[in-house]
Amino acid sequence: MRRAGSCWTLAVLAVLASVGAGCARATTAAPGARAATTPTVEVLPNGLTLIVQGHRAADIVAVYLWVATGVRYETPETLGHAHFQEHMLFKGTDKFGPGYIDRTVEGTGGRSNAFTSFDYTTFQVQVPSDATAIAIQLLDDMAFRSTFDPKQVAAEGEVISEEARIETDNPRSGIVRQLYGMVFGPHPYGRPVLGTSATRSAATQLNLKAFNHRFYTPENMALVVVGPVDARAVRTLVDRTFGREPRTGYTPPPIPSLTPITGVVTRSVERPEQEAHLALGWQVPGAAARDSLSLDLVATILGGSESSRMVTTLRDGERIVSRISVNNSTQQLAGMFYVQAQLEAGDVGKAERRILEEVRRLQQEGPTEEERQLAVIKAESEHAFSYETSDGVASAYGVARMTATLEDELRYIERLQKITRDQIRDAARKYLPTTAYTRIAFVPRKAQ
């Protein structure tokens, strides 16, 4: 995320700020949400997907551009270039220089941001409804006419390197970053969103422009507009801007293959912190897979709330961890189901054993009906909260468009409510083998 840390860093920290987030995915509207029943979806002649949703809770319009380019689209040589785009598109176009975008958006009373993930990069502008045309024009200029000035490239490279240091220095985000590398190995999902020191240093105006021209094409984009707007009026504004950009014949790169985890893979890392951190991870299906919904409920039941199994046993009852969370974090091609704990170094082995015991207990007995219902209710309440704002709706629609389908998003709660106790148990059995997983521990550095 520009200026304040990458999507990776802040997204991980946001998840870890609670006891457990349960599932890390976009959500859909609960009954009574202020969005209209269904969005208007159009594909322009040049291939751009336009999604417009009426939302009248406030006079704020969220105009979010989503580009299907993240780590999974990069080569080893261009690693981190998707995230670099996120920074550089705010640093000047052939029409205006650095700072203009922020001044213009803030001048309307709005705000802007951006972040990069494994599957996408998004540029987000929130403005009063009478500034909708300004937001659309700015995003069009940023996406297609950024200059990538060499001085700005060098300066932003330093900013990104600082983001990488922050991510590494924070044990709670650093351990999840390393766990992704262990769970996915050579697959792009195992690579760092921010790139490496070498690839950041190798970024130039020439190769960043080439990356932009390759992936920033209408066929590879979705523009989501949510707020007190008329779909036909928005379409007219988009036709005058994004609609004039040429189709390029874009074809996505081949889908990389996944290497399954076949045994227990462990790693211990000595760190300066006095408290230990432990994380266990499994490969699971991507966001569009049917079983992913069951795994969302598995995560909530095991460690996604204050009343979840691992919180009440390992943290509150046995007191072998000070913090524990369970998450089903899904991307387009696959996901990572992981348990993360903070604890004393002497309890790492015991905590790992107890985590696996709780997984096996769910595999053997399944959840109670009360646990299933509470997990669904938690998802419903999170849905309702996220859909209170145009930002929440635009974020949910965009993530769904990039990692699954909009229909999956619109029917998420309906489908989740139909998941049975047996399906929850079977998903735990199928995807969380206690003899094939990855484990990483951050332990205090030994005194010299």
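This report walks through a few helices, aromatic pairs, hairpins and single residues in the structure above. Keep in mind that the model is predicted.

**Helix α8 and what it packs against**

Let's start with α8, which covers residues 205-215. Four of its residues are buried: L208, F211, N212 and F215. Look down the axis of α8 and those buried residues fall within an arc of 100°, so they line one face of the helix. There's a handy rule behind this kind of pattern: an α-helix has 3.6 residues a turn, so residues three or four places apart point the same way. Turn to the other side of α8 and you'll find L206 and H213, which are exposed.

So what do the buried residues of α8 pack against? The partners are one strand, β4 (60-67), and three helices, α2 (81-88), α4 (132-145) and α5 (150-169).

Two of the buried α8 residues turn up again in an aromatic cluster, where F211 and F215 are joined by Y73 and Y250. Two members of that cluster also have an arginine for company. The charged end of R72 sits over the ring of Y73, at 4.5 Å from the ring centre. Likewise, R214 places its charged end over the ring of F215, 4.8 Å from the centre.

**Aromatic pairs**

Across the model, 17 aromatic pairs are counted. One of them is F115 with Y120: the ring centres are 6.0 Å apart and the planes stand at 70°, so this pair is edge-to-face. Are these two residues buried or exposed? F115 has 15% relative accessibility and Y120 has 8%; the cut-off for buried is under 20%, so both F115 and Y120 count as buried.

A second pair to look up is F144 with F242. Their ring centres are 6.0 Å apart and their planes are at 70°, so this one is edge-to-face too. The F144–F242 pair links distant parts of the chain, with the two positions 98 residues apart in sequence numbering. F144 belongs to helix α4, while F242 is in the loop between α9 (231-239) and β8 (264-271). Both F144 and F242 are buried.

**Two hairpins**

Strands β2 (residues 40-43) and β3 (residues 49-54) pair in the antiparallel sense, over four bridges. If you want a landmark, E42 has L50 in β3 as its bridge partner. The two strands make a hairpin with five residues between them, and G47 in the turn has a positive phi of about 100°.

The other hairpin joins β10 to β11 through four residues. Here β10 and β11 (residues 335-343) are also antiparallel, and they pair over eight bridges. V326 finds its bridge partner in β11 at V339. Strand β10 (residues 323-330) is mostly covered, with seven of its eight residues buried.

**Three single residues**

The table puts three residues side by side, each with its relative accessible area.

| Residue | Relative accessible area | Class |
|---|---|---|
| T434 | 17% | buried |
| A133 | 40% | partly exposed |
| G174 | 6% | buried |

T434 sits in the loop between α17 (421-431) and β12 (437-444). Which residues is T434 in contact with, leaving aside its neighbours within four places in sequence? They are L356, V359, R360 and Q363. With R360 there is also a polar contact, side chain to side chain, at 3.4 Å.

A133 is in helix α4. From A133 to E156 is 23 residues in sequence and 28 Å in space, C-alpha to C-alpha.

G174 has its place in helix α6 (residues 171-184). Not counting residues up to four places away in sequence, G174 touches E167, T168 and F442. Between G174 and A164, the separation is ten residues in sequence and 9.6 Å in space, again C-alpha to C-alpha.

**Pulling it together**

If you open the model and want a starting point, try the buried face of α8, where L208, F211, N212 and F215 can be found. From there you can step to the cluster with Y73 and Y250, and on to the arginine R214 over F215. Helix α4, one of the elements that α8 packs against, then brings you to F144 and its partner F242.

Key
Residues are numbered from 1 along each chain as its sequence is written. This is a predicted model: local features need pLDDT of at least 70, side-chain atom pairs count only at pLDDT 80 or more; totals for chains, interfaces and linings use all residues. Side-chain values use heavy atoms; hydrogens and water are left out. Buried means under 20% relative accessible area, exposed over 50%, partly exposed in between (1.4 Å probe, protein chains only). The arc is that of the directions from the helix axis to the C-beta atoms. Contact means heavy atoms within 4.5 Å. Rings of Phe, Tyr and Trp (its six-membered ring) pair if their centres lie within 6.5 Å; planes under 30 degrees apart count as stacked, over 60 as edge-to-face and the rest as tilted. A charge sits over a ring if NZ of Lys or CZ of Arg is within 6 Å of the ring centre and within 35 degrees of the ring normal. Two strands pair if DSSP finds at least two bridges between them. A polar contact is a pair of N or O atoms within 3.5 Å; within protein, one must be able to donate a hydrogen and the other to accept it, and residues adjacent in sequence count only if both atoms are side-chain atoms.
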